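Reader: I would like to know how the terms used for a structure like this one are justified. Please take them one at a time.

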Amino acid sequence: MKILTSPKEAIEFRKTLKGSVGFVPTMGALHEGHLSLIKKAREENDFVIVSIFVNPTQFLPGEDFEKYPRKLEADFEICKRAGVDAVFTPTAKNMYSEDEILIKAPKVKGYILEGFFRPGHFDGVLQVVNKLFNIIRPTRAYFGKKDAQQLYLIKQMTKNFFFDIKIIEGETIREKDGLALSSRNIYLSKDERKRALSISKALKLAAKLSTKIKDTKKLKEEMEKILDVDKLDYIAFVDRDFNYIDKVIPNNTIILIAGYVGNTRLIDNIWI
Ligand code: AMP
């Protein structure tokens with residue numbers, strides 16, 4: 001397995017590949033969620049490239065950029081075992097320069113929900129994914145439904161900028177009890193871990209009730225009854241294009257939750 005540490009090296013490596021390339025961008029501290037995307041990429045492509053880059057521009061001041069888990073050696077091992085051809089681990093210095101041309105997330109859908117509570121977050125995400133797409137030039141790029149709004153915006157950017165890349169979505173991988181896997185789960189204490197479970201439980205409850213109750217306000221009330229978070233950022237109902245909806249549309253609804261358990265901000269969603 002190749003370790004590529006600079007964009008230049010990665011571009012040169014890419015030129016040597018004849019066949020389809022599956023690409024899985026990550027921030028590392030790999031878990032089964034990432035692995036499911038890597039496995040999918042392995043099945044569907046001749047070559048698989050994983051990037052590991054804790055991208056500074058998508059963190060807001062005061063967020064967890066410095067303390068975000070970094071486990072490069074363990075990540076390499078996971079990738080090797082999964083049959084990854086190359087891991088791209090650039091530094092911020094060789095990815096960014098001074099006074100750059102910037103990508104701006106769309107004014108509405110880039111600034112609601114996650115974009116409202118983390119203004120500018122998606123500008124940073126799209127900036128780095130744009131760079132990564134140009135460096136790796138993948139045939140297919142893999143993103144998790146866990147980050148539903150991110151997935152939507154990346155699809156949008158791919159269309160708007162005419163990237164010849166197929167965006168493939170992966171199902172959210174969960175612990176046995178339902179907690180969505182996240183690199184940030186390691187921040188949770190035992191008690192917080194227990195209370196974090198109320199997020200996936202509330203989503204499951206809403207999904208179940210939604211076969212009878214379509215009114216999203218009513219569903220939200222039921223979810224709030226069982227949610228045990230310290231600060232709720234939002235419960236939201238959107239269609240697959242991230243338009244807010246008042247009534248559940250079968251097969252075209254995403255229910256999203258974001259909130260803090262202790263100091264840890266968690267997000268989760270369910271597609272119904
Ligand atoms: P991250 O390292 O958190 O930036 O995530 C890298 C990719 O893995 C993104 O496309 C995420 O949506 C995806 N991902 C993160 N957690 C999960 C999960 N529990 N299940 C499936 N995909 C995930």
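The turns below deal with the ligand, a cavity and a pocket in a predicted model.

Reader: What makes the pair formed by His34 and the ligand a polar contact?

Author: A polar side-chain atom of His34 lies 2.9 Å from an oxygen atom of the ligand. The limit for such a pair of N or O atoms is 3.5 Å, so the pair counts as a polar contact.

Reader: Which backbone atoms lie 2.9 Å from atoms of the ligand?

Author: A polar backbone atom of Gly144 is 2.9 Å from an oxygen atom of the ligand. On Leu181, a backbone N or O atom lies 2.9 Å from a nitrogen atom of the ligand. The protein covers 92% of the 490 Å² of accessible area that the ligand has on its own.

Reader: Which residues come nearest to the ligand, and what classes make up the shell?

Author: There are 17 residues around the ligand, and Met27, His34, Asp147, Ile173 and Leu181 come nearest. By class, the shell has seven nonpolar, seven polar and three charged residues. His34 counts as polar because His is not on the nonpolar or the charged list.

Reader: Which elements supply the shell around the ligand?

Author: Strand 2 (21-26), helix 2 (32-44) and strand 5 (140-144) each supply at least two residues. Helix 2 gives the most, with three residues.

Reader: Why is the space of about 70 Å³ called a cavity?

Author: The term cavity is used because a 1.4 Å probe fits at its points but cannot get out. A search of the whole structure finds one cavity of 30 Å³ or more. The largest cavity has a volume of about 70 Å³. Its lining includes Lys146, Asn185, Ile199 and Asp268. Helix 8 (190-209) and strand 9 (264-271) are the elements that give two or more residues to this lining.

Reader: What classes are found in the lining of the largest cavity?

Author: Six residues are nonpolar, three are polar and two are charged. Lys146 and Asp268 are in the lining, and they count as charged because Lys and Asp are on the charged list.

Reader: Why is the second largest pocket not called a cavity?

Author: A pocket is an open set of points, whereas a probe cannot get out of a cavity, so the two terms are kept apart. The second largest pocket has a volume of about 160 Å³. Of the 13 residues that line the pocket, Ile52, Phe53, Val54, Arg70 and Leu72 are the closest to its centre. The lining has nine nonpolar, two polar and two charged residues.

Note on methods:
Residues are numbered from 1 along each chain as its sequence is written. This is a predicted model: local features need pLDDT of at least 70, side-chain atom pairs count only at pLDDT 80 or more; totals for chains, interfaces and linings use all residues. Side-chain values use heavy atoms; hydrogens and water are left out. On a 1 Å grid over the protein atoms alone, a cavity is a set of points where a 1.4 Å probe fits but cannot get out, and a pocket is an open set with protein on both sides within 12 Å along at least five of seven lines; lining residues have an atom within 4 Å of a point. Grid points are joined across faces, edges and corners, and a volume is the space filled by probe spheres set on the points. A residue is near a molecule or strand if one of its heavy atoms lies within 4 Å of it. A polar contact is a pair of N or O atoms within 3.5 Å; within protein, one must be able to donate a hydrogen and the other to accept it, and residues adjacent in sequence count only if both atoms are side-chain atoms. Accessible areas come from the Shrake-Rupley method with a 1.4 Å probe; for residues, only the protein chains shown count as cover. Helices (H or I, at least four residues) and strands (E, at least two) are DSSP runs, numbered from the N terminus.
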